[in-house]
Amino acid sequence: PLSMSVELSEPMASPILSVRGCASFFASSRWLTVVQGQEGQEIERPMLGSLPTSEDLDDLLMCDGNSSSVGRSPLQSSSTCYLSPSKGLLRGSRASFGDLLPDVASVCLSKSKSLENILEMLDKAELAVCNDILPELSVEGTGGTYFVNADFNTRIGVFKPSDEEVSQEGNPRGNLDIMKSCIPVGQSWKREIAAYRLDHGHFAGVPETIQIKMPKQYFHSKIDKIGSFQRFVPSDAESWDVMPAVLPTESIHRIAILDIRFNNSDRHGGNVLVCRGDGVAVSHLVPIDHGCCFPTDLTELEFEWLLWQQSKKPFGMASRQYIASLNGEEDARILDTELGIDSTAASLVHASTLFLQTAVLTYQLTAYDIGSAMRRPSIGEPSALESILADSRVSLDQGGDIDFSVLAAELRDLCCKISREKNNVAPENSCYVGCNENNRGF
């Protein structure tokens, strides 16, 4: 058999699955960590029959207060568990927006399910490699996108090697053009992982995505392939294959929140999966393909949902609670220091999150209002957000960084202007604020 090792620089950060071809699948008592710190230093423990216990994940998970779950594995407990706020993965609200409502965790899916999905992905990937089932290059796509299959009928996940992206020599389709000038060459795979990491509470439903290393012989390569590995999600259609009217508003809002935060430059109808569940009606949507998120500028933002009427509807309570729980500054830190996303892109995530919070929690603007202010009206004309970001930067001799205190004031003015126009309030009158000052939009 062969071995797969997983490396975590921090718990729940970006695991690296390495398929080496020697012994068995190991995982340490710290969930899936095998390599800790120093290169080559391994801690191995057989995983078979051994799932993470509540003690193993004590500082990663917090339970919902159900005493019956104490001492039980979160993967086996009926109690819902959530990532601890102390780890920065589910944050309290910013002080300027008041206290987060106590039941905010109820809007987030259980992270124990994500852990279970990742374990299943790794287990099936091991079996696939053991059985010499080669990755299958997808028919569609611009770069190297491979389906990892358990057998000829069952797909496990989608592997995107770092050296086969658009404009790289390893691209199997010979596509050497620059796809997006705002996305550094060879960095899309990192953004796939970052999108899952920052989809706090699995709110938008980005499929589990980890970093893996695959054997070179499967790709006729001289070196092993490192890239992103995302859980394959069966679906009934892509959103551009169905009438927009049948798509659920709540799912659209959750994806819109994700795209706004991440400054998505490639949200089109082909990367929103439509799932019908057990019935005929659409049950939920699944966002995929996030390699063009976290751009270094806002020149090429693309939001398909701007064409859908649901984006013009007010955000519901669950979405407002979630928005209040976000911490854009912390997300920017995670991107920059833990996930290898450059600081320029990270600071724009901080800015767009602040815009989202100001627009929704104070002025009750919609996803359509926000997205329209972020996206360029034409190729050569900066968006409203781009313009105020330019006005909010310190001078180049001082570094050219965003002054977030200036930006906050500029964002309030922008939201006020949008709100006036929506509600037909004359410019000389006071700004329409769509919430009570005491409850900040709740």
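**Burial, pairing and packing in the predicted model**

Ser311 is found in the loop between strand 12 and helix 4. In this model, which is predicted rather than determined by experiment, Ser311 has a relative accessible area of 0% and is therefore buried. Apart from neighbours within four places in sequence, the residues in contact with Ser311 are His253, Trp305, Leu306, Thr366, Ala367 and Tyr368. Of these contacts, His253 is also one of the helix 3 residues that meet helix 4, and the packing of these two helices is described next.

The axes of helix 3 and helix 4, the latter spanning residues 317–325, come within 10 Å and cross at roughly 20°. Because angles under 35 degrees count as roughly parallel, helix 3 is described as roughly parallel to helix 4. The crossing of the two helices is right-handed. On the side of helix 3, the residues taking part are Glu250, His253, Arg254, Ile257 and Arg261, and they meet Ala318, Ser319, Tyr322 and Ile323 in helix 4.

Helix 3, comprising residues 249–262, also lies across strand 11 and strand 12, and runs at about 20° to strand 12. These strands belong to an open sheet of three strands in the order 10-11-12, in which the pairing is antiparallel. The edge positions are taken by strand 10 (237–238) and strand 12 (284–287), each of which pairs on one side only. Strand 11, formed by residues 272–275, is joined to strand 10 in the antiparallel sense over two bridges, and within this pairing Ala237 stands opposite Val274 of strand 11.

Antiparallel pairing is also found between strand 8 and strand 9 (residues 225–231), which are joined by six bridges. Lys213 stands opposite Ile226 in strand 9. Strand 8 itself covers residues 209–214, and five of its six residues are buried, so that this strand is largely enclosed by the rest of the structure.

Burial is likewise seen in helix 8 (residues 384–391), where Leu385, Glu386, Ile388 and Leu389 are buried. The elements that cover these buried residues include helix 6 (343–362), helix 7 (367–374) and helix 9 (404–422).

Two residues other than glycine were noted for their backbone conformation. Ser167, although not a glycine, has a positive phi of about 80°, and it is placed in the loop between strand 7 (155–161) and helix 2 (188–197). Asn263 likewise has a positive phi, of about 55°, without being a glycine. Asn263 lies in the loop between helix 3 and strand 11, and its relative accessibility of 0% means that Asn263 counts as buried.

With regard to the cysteines, a search of the whole structure finds zero disulfides. Cys292 is in no disulfide, the nearest cysteine sulfur being that of Cys182 at 6.9 Å, whereas a disulfide would require the two sulfur atoms to be within 2.5 Å. Cys293 is also in no disulfide, and in its case the nearest cysteine sulfur is that of Cys292, 7.7 Å away. Cys292 has a relative accessibility of 3% and therefore counts as buried, and Cys293, at 0% relative accessibility, counts as buried as well.

How values were computed
Residues are numbered from 1 along each chain as its sequence is written. This is a predicted model: local features need pLDDT of at least 70, side-chain atom pairs count only at pLDDT 80 or more; totals for chains, interfaces and linings use all residues. Side-chain values use heavy atoms; hydrogens and water are left out. Two strands pair if DSSP finds at least two bridges between them. Helices (H or I, at least four residues) and strands (E, at least two) are DSSP runs, numbered from the N terminus. Contact means heavy atoms within 4.5 Å. Axes are lines fitted to C-alpha atoms, for helices over the stretch in contact, and angles run from 0 to 180 degrees between N-to-C directions. Buried means under 20% relative accessible area, exposed over 50%, partly exposed in between (1.4 Å probe, protein chains only). Angles under 35 degrees count as roughly parallel, over 145 as roughly antiparallel, 65 to 115 as roughly perpendicular and the rest as oblique. A crossing is left-handed if the near helix is turned anticlockwise from the far one by less than a right angle, and right-handed if clockwise.
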